[in-house]
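Thank you all for coming; I would like to walk you through one model this morning, going from a single residue outwards to the whole chain. Please keep the structure open in front of you while I talk.

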Amino acid sequence: MRRWLPMLLLCAASAVQAVPGYDAVRAGFRPSDALLLDRHGAPLQQVRIDASARRLAWVSLADVSPAMRGALIASEDKRFYQHAGVDWNAVAAAAWGSVWHSRTRGASTITMQLAGLLDENLRRGAAPRSGGQKLEQALTAKALERTWRKDQILEAYLNLVNFRGELVGVHALARVMFGKHPEGLDQVESALAVALIRGPNASAALVARRACAIVTEQGAPALCQGLEGLTQLRLARLAGPDRAVASAPQLAPHLGRRLVKAAGGQVASTLDASLQRHARDVLQRHLAALDGRNIEDSAVLVLDNASGEVLAWVGSSGALSDAREVDAVLAARQAGSTLKPFVYGLALEERRLTAASLLDDSPLNLATASGLYMPQNYDQQYKGAVSLRTALASSLNIPAVRTLVMVTPERLFQRLQALGVKLPESGDFYGYSLALGSADVSLLALTNAYRALAAGGRSQPVRTVLGAPAAPATQVMDGSTAWIIGDILSDNSARARTFGLDSPLSTRFWSAVKTGTSKDMRDNWCIGYSARYTVGVWVGNASGEPMWNVSGVTGAAPVWQDIMHYLHAGAPAAAPARPAGVAAREIRYGHGEEAARTEYFLPGTGQALIVAVEPDALAPAIRYPTPGMVVALDPDIPPARQRIRLSAQGTAQPRWRMDGKPLADGRDGHAWAPWPGRHRLELLDRQGRVLDKVEFEVRGALAKISMKK
């Protein structure tokens with residue numbers, strides 16, 4: 001005994017030195033989750049960081065229900081408030097039970113268990129403890145009792161003990177298993193929780209029996225009725241990969257994952273919780289109303305025009321989506337008609353067009369390296385001569401393509417790049433289809449580009465972290481041009497040809513807005529701004545499947561309008577002031593193409609009378625077919641429906657000759673039934689002189705068969 005006494009004293013001294021203080025333990029506690037806060041400090045999103053264990057914020061003993069404290073002491077350490085760390089009565093009982101092979105409660109006190117939790121080598125789940133480790137645990141418990149108060153020991157134990165699986169601490173257990181805070185645990189729930197400490201992996205039946213023993217010992221055996229069924233239900237909530245924390249804030253999951261990186265930390269975002277919640281709810285409500293239209297996904301982004309701060313970031317439609325983890329704010333999708341304002345903006349800046357200029361909305365065929373490009377309007381109709389204002393506000397496709405021919409796809413590509421819309425390919429790669437949004441863009445980049453229009457042509461990156469320094473703004477486009485584009489996009493009368501006077505694009509205050517629908521109705525967009533805010537909405541399917549009979553004005557626009565009205569409730573937005581360099585002039589059209597009105601012009605471009613060039617005043621030329629065109633006949637389409645309609649300009653009474661043989665008279669309207677081969681089409685005047693000629697090719701055999709018949 002004398003030989004072992006110095007060793008015991010040495011162990012005791014080292015145990016005392018190794019005991020950490022209560023304040024150090026609490027300060028070193030790190031929850032597995034972190035919080036994203038809104039701009040006012042309200043919780044927005046709880047984000048899981050540490051996947052090894054689920055620990056929530058440390059709770060004080062006063063915030064744990066008396067029922068839970070009572071059940072713990074009754075089950076684990078009845079003499080907790082009497083002993084000094086080691087319960088020698090329990091040790092003796094355990095030793096006696098070991099001799100006679102009878103079951104006893106066990107000798108480990110709550111303080112000893114805490115000692116094991118604080119020592120890395122003694123934590124639950126390690127190898128069976130040796131006699132030396134048990135001695136060290138007892139000595140550490142004695143040291144804890146000398147330096148810690150009883151309430152501190154009980155509090156630390158409740159926060160550090162493992163209950164089941166990944167759940168560590170009473171806070172995590174209460175929120176995940178019972179859907180409430182620790183202070184709300186009742187007697188039955190407390191008994192179930194404490195029963196798990198003895199056997200974290202025990203079956204539901206065994207946990208229920210242990211819980212029943214606890215409540216019976218507390219004098220409430222009637223609570224055992226139905227306990228096993230309740231246990232199965234509660235344990236089922238802990239199974240599977242999606243163990244959500246009940247009542248945890250879940251308003252901004254996508255932005256939360258982007259911003260929150262450190263376990264136990266908090267990040268103050270620029271988001272507004274009330275706006276975020278409203279945007280999420282209106283998005284889900286609108287998609288539910290479109291049931292049966294094959295729509296699952298959507299996203300909303302709200303920006304503050306002045307600061308560039310993101311006020312709302314809703315990355316998906318939540319439970320309505322099969323791809324809720326995909327952040328549709330960042331996903332690249334076809335832009336549709338939302339790029340048209342930037343096409344016309346370039347034409348205005350370069351003084352090629354004015355808002356009053358007449359554009360030709362008639363069939364167009366453009367020869368490209370990959371074949372003939374023949375854009376069409378959304379409604380498959382043509383409006384003839386229309387002003388730029390009408391063409392943009394009513395989202396006509398062909399005038400936009402004709403305008404891009406003037407400014408070139410490469411110039412549009414450069415402008416979009418400068419606005420932060422980073423396209424993966426060059427303008428020439430997309431060609432003239434870039435005017436109709438053939439490129440993939442993100443809602444974040446596109447909405448911020450519209451914010452540049454609202455900011456007088458100044459582009460600046462957005463901010464998502466509150467207090468982060470703002471990046472410098474860059475003047476990307478002329479401020480006067482941006483104002484005119486905004487005035488067109490706010491003109492409800494100009495958009496009436498396509499959208500009518502009463503549409504979701506109209507607001508009770510000044511706002512500028514543009515919709516877009518991509519090919520095969522795969523994407524709906526609505527991007528618009530007031531003087532204070534820019535709101536972007538995307539609706540579609542993350543899978544890329546097309547929607548059914550849904551356009552931008554029926555899919556995304558109602559959501560945009562609702563959010564805009566929410567933002568300006570009680571505070572209508574005034575129209576931005578007209579820049580000093582923009583002149584207002586009364587105009588009229590020489591042939592009555594549009595009604596007289598007040599129009600706005602950049603310096604040096606104003607005019608009062610707008611006269612369209614008469615077709616006969618143009619140089620005689622064949623408009624269609626185009627030189628080098630290749631026509632492929634489809635064997636699945638009836639020959640009578642595969643005809644080429646000849647068109648010419650610059651002559652009132654043309655004559656047509658095909659391959660040296662007379663074909664027809666008249667400028668437009670002749671529908672020629674094509675046959676395979678290379679052809680030479682000539683345009684003649686009344687005297688038989690050749691005014692223009694084109695060569696093209698027809699491929700296929702179906703038309704030849706029909707000619708023989």
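**From one loop to the whole chain**

If we set aside the neighbours within four places in sequence, Val326 is in contact with His254, Gly315 and Ser316. This is a predicted model, and I would ask you to keep that in mind throughout. Val326 sits in the loop that runs between strand S7, residues 310–314, and strand S8, residues 332–334. One of its partners, Gly315, is 11 residues away along the chain, and the C-alpha atoms of Val326 and Gly315 are separated by 7.3 Å. Is Val326 buried, partly exposed or exposed? With a relative accessible area of 40%, Val326 counts as partly exposed, because that value falls between the cut-offs of 20% and 50%.

Let me set beside it a second loop residue, Arg463, which is found between strand S14, residues 458–459, and strand S15, residues 474–475. Arg463 has a relative accessible area of 15% and is therefore buried. Again leaving out the neighbours within four places in sequence, Arg463 is in contact with Thr270, Ser307, Gly308, Glu309 and Val310, and also with Ala468, Pro469 and Ala470.

Two further loop residues deserve a look for their backbone. Most residues other than glycine have a negative phi. Ser395, although it is not a glycine, has a positive phi of about 55 degrees, and Asp520, also not a glycine, has a positive phi of about 60 degrees. Ser395 lies in the loop between helix H15, residues 388–393, and helix H16, residues 397–407, while Asp520 lies in the loop between strand S16, residues 512–517, and strand S17, residues 523–529. As for their surroundings, Ser395 is buried, with a relative accessible area of 12%, whereas Asp520, at 45% relative accessibility, counts as partly exposed.

Now to the cysteines. How many disulfides does the structure hold? The structure holds 1 disulfide, and it joins Cys212 to Cys224, with 2.0 Å from S to S. The link of Cys212 and Cys224 is right-handed, with 100 degrees about the S-S bond. Cys212 belongs to helix H10, residues 204–217, and Cys224 to the loop between H10 and helix H11, residues 227–236, so that the two cysteines are 12 residues apart. Cys212 is partly exposed, at 24% relative accessibility, and Cys224 is buried, at 19%; the cut-off for buried is under 20%, so Cys224 falls on the buried side of it. Another cysteine, Cys526, has 0% relative accessibility and is buried as well.

Turning to helix packing, I would point you to helix H3, residues 66–76, and helix H7, residues 150–160, whose axes come within 12 Å and cross at roughly 95 degrees. How are the two helices oriented to each other? H3 and H7 are roughly perpendicular, because the crossing angle lies in the range of 65 to 115 degrees. On the H3 side the contact is made by Met68, Arg69, Leu72, Ile73 and Glu76, and on the H7 side by Leu154, Tyr157 and Leu158. Asp151 is also found in helix H7; it is partly exposed, with a relative accessible area of 30%. In sequence Asp151 and Leu61 are 90 residues apart, yet from C-alpha to C-alpha they are 7.0 Å apart in space.

That brings me to the interior. In soluble globular proteins, nonpolar side chains tend to be buried together. The largest nonpolar core here has 81 residues, and those with the most contacts inside it are Phe342, Leu423 and Ile484. Helix H19, residues 443–454, gives the most to this core, with 8 residues. Apart from it lies another core, of 55 residues, which includes Leu61, Leu144, Ala156 and Leu196. To return to Leu423, and once more leaving aside the neighbours within four places in sequence, its contacts are with Phe413, Leu416, Gln417, Tyr430, Leu434, Ala439, Asp440 and Val441.

I will finish with the protein as a whole. The protein has 24 helices and 29 strands, and of its 709 residues, 51% count as buried. Among the contacts with a separation of 6 or more, 68% are between residues 24 or more positions apart. The accessible surface comes to about 32,100 Å², and 53% of it belongs to carbon and sulfur atoms.

Terms used: Residues numbered from 1 in each chain as written. Predicted model: local features only at pLDDT ≥ 70, side-chain atom pairs only at ≥ 80, totals over all residues. Heavy atoms only, no water. Core = buried A, V, L, I, M, F, W, Y, C linked by side-chain atoms within 4.5 Å. Buried < 20%, exposed > 50% of the residue type's maximum accessible area, 1.4 Å probe, protein only. Helix = DSSP H or I, 4+ residues; strand = E, 2+ residues; numbered from the N terminus. Contact = heavy atoms within 4.5 Å. Areas by Shrake-Rupley, 256 points an atom, 1.4 Å probe, with all protein chains shown as cover. Disulfide = S-S within 2.5 Å. Axes fitted to C-alpha atoms, helices over the stretch in contact; angles between N-to-C directions. Parallel < 35°, antiparallel > 145°, perpendicular 65-115°, else oblique.
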